[in-house]
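User: I would like to go through one protein model by question and answer. Please keep it plain and explain each term when it comes up.

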Amino acid sequence: MDIVVLEDPVAVGAAGADAIARWVEERTDGALGLATGATPMPVYEALVHRHHDDGLSFAGVRCFLLDEYVGLSTRDPCSYARFIRERFANLVDLPEDHVLGPDGMAEDLDAECRSYEDAIAATGGIALQLLGIGANGHIGFNEPGASFGAATHVEELTARTRGDNARFFPPGTTVPSRVVTQGIGTILRARRILLVATGPAKAEAVVRAVEGPMTTAVPASALQRHARTTVLLDRDAAAMLQRPARPERRP
Ligand code: PGA
């Protein structure tokens with residue numbers, strides 16, 4: 001893993017956007033994997049600026065989301081499908097049918113998981129995957145204990161993750177307990193991975209993922225076996241790292 005420590009979340013966003021913009025301009029095949037949640041927001045904001053100011057075009061890019069809540073439709077304000085439309089896809093020139101996420105309303109969720117994997121494979125696989133990390137070390141919604149080889153599947157969320165994500169739901173609403181998520185096996189098939197983490201609440205998960213043993217207790221530690229993962233951190237998220245990070249440079 002390549003660790004890059006930057007000043008703050010805005011700098012992390014800019015560095016993440018740089019790497020994605022370069023891929024968009026130079027890409028030859030494959031799709032872009034998108035993450036939702038608070039941490040990637042500065043990345044999307046920077047990409048939207050690059051679209052408007054520099055003409056960065058996403059017109060031919062195919063995108064796949066990591067995960068979706070079971071029981072939320074794509075119109076639901078708390079769904080990740082809507083999150084990515086409103087915060088990114090609709091703000092650039094991404095055609096609506098170029099952004100796909102798992103269907104959390106599918107009657108047959110197992111069949112949906114299989115067809116999601118097929119859809120990813122049909123575009124040539126994920127060339128570049130943007131990832132956040134949960135305070136418990138999850139990637140996508142692969143909670144501690146999830147198999148490193150798993151494909152897209154239904155996952156039961158931990159109480160901690162539901163609590164962490166309650167901030168995205170209106171007060172009084174119950175956070176769904178189940179999700180459809182790309183598995184760690186799916187994520188590891190991405191040819192390049194860009195993980196972003198900012199803030200002190202992520203420091204422990206980051207050090208366990210990057211410097212701890214590779215263990216299913218820390219799903220993000222699976223990235224230690226991925227050949228092309230870059231971890232973009234701000235100073236707070238990097239605070240517990242023991243190994244010196246490399247000097248700041250282009251990811
Ligand atoms: P967050 O979520 O960026 O909203 O903290 C990250 C994640 O759970 O992957």
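User: Which residues of helix H7 are buried?
Analyst: Helices (H or I, at least four residues) and strands (E, at least two) are DSSP runs, numbered from the N terminus, and H7 covers residues 203-211. The model is predicted: local features need pLDDT of at least 70, side-chain atom pairs count only at pLDDT 80 or more, and totals for chains, interfaces and linings use all residues. Buried means under 20% relative accessible area, exposed over 50%, and partly exposed in between (1.4 Å probe, protein chains only). By that rule the buried residues of H7 are Ala-203, Ala-205, Val-206, Val-207, Ala-209 and Val-210.

User: Which strands do the buried residues of H7 pack against?
Analyst: Contact means heavy atoms within 4.5 Å. Residues are numbered from 1 along each chain as its sequence is written, and side-chain values use heavy atoms, with hydrogens and water left out. The buried residues of H7 pack against strand E1 (2-6), E9 and strand E10 (229-234).

User: Which elements are among those that cover the buried residues of H3?
Analyst: Helix H3 spans residues 80-87, and its buried residues are Tyr-80, Ala-81, Phe-83, Ile-84 and Arg-85. Their cover includes strand E2 (31-34), H2, strand E3 (63-65), strand E4 (67-69), strand E5 (99-100) and helix H5 (159-165).

User: Which residues does Thr-36 contact beyond its neighbours within four places in sequence?
Analyst: Thr-36 sits in the loop between E2 and H2. Its relative accessibility is 17%, so Thr-36 counts as buried. Its C-alpha atom is separated from that of Val-24, 12 residues apart along the chain, by 19 Å. With neighbours within four places left aside, its contacts are Asp-67, Tyr-80, Phe-83 and Ile-84.

User: How many Å separate the C-alpha atoms of Leu-56 and Glu-25?
Analyst: Leu-56 belongs to the loop between H2 and E3 and is buried, with a relative accessible area of 4%. Glu-25 is among the residues in contact with Leu-56, as are Ala-21, Val-24 and Leu-47. The C-alpha atoms of Leu-56 and Glu-25 are 31 residues apart along the chain, and the separation in space is 7.8 Å.

User: What is the distance in space between Val-61 and Phe-141, C-alpha to C-alpha?
Analyst: Val-61 is also placed in the loop between H2 and E3, and its 1% relative accessibility makes it buried. Residues that Val-61 touches, not counting those up to four places away in sequence, include Trp-23, Leu-32 and His-98. Phe-141 is 80 residues from Val-61 in sequence, and the C-alpha distance is 24 Å.

User: How many salt bridges are there?
Analyst: Side chains of opposite charge can pair when their charged atoms come close. A salt bridge is a side-chain nitrogen of Lys or Arg within 4 Å of a carboxyl oxygen of Asp or Glu. Under this rule the number of salt bridges is 5.

User: How many residues apart are Arg-50 and Asp-18?
Analyst: The side chains of Arg-50 and Asp-18 form a salt bridge, with N and O 2.4 Å apart. Arg-50 is in helix H2 and Asp-18 in helix H1, so the pair links distant parts of the chain, with a sequence gap of 32 residues.

User: How many residues apart in sequence are the parts tied together by Glu-117 and Arg-189?
Analyst: In the salt bridge of Glu-117 with Arg-189, the closest N and O atoms are 3.1 Å apart. Glu-117 lies in helix H4 (residues 109-122) and Arg-189 in helix H6, so the salt bridge ties together parts whose separation in sequence is 72 residues.

User: Is Arg-189 buried or exposed?
Analyst: Its partner Glu-117 has 16% relative accessibility and counts as buried. Arg-189 has 51% relative accessibility and therefore counts as exposed.

User: Which side chain of opposite charge is nearest to Glu-143?
Analyst: Lys and Arg count as positive and Asp and Glu as negative, while His and the chain ends are not counted. Glu-143 is in the loop between strand E6 (126-131) and strand E7 (153-156). Glu-143 is buried yet has no salt bridge. At 8.5 Å, the nearest side chain of opposite charge is Arg-162.
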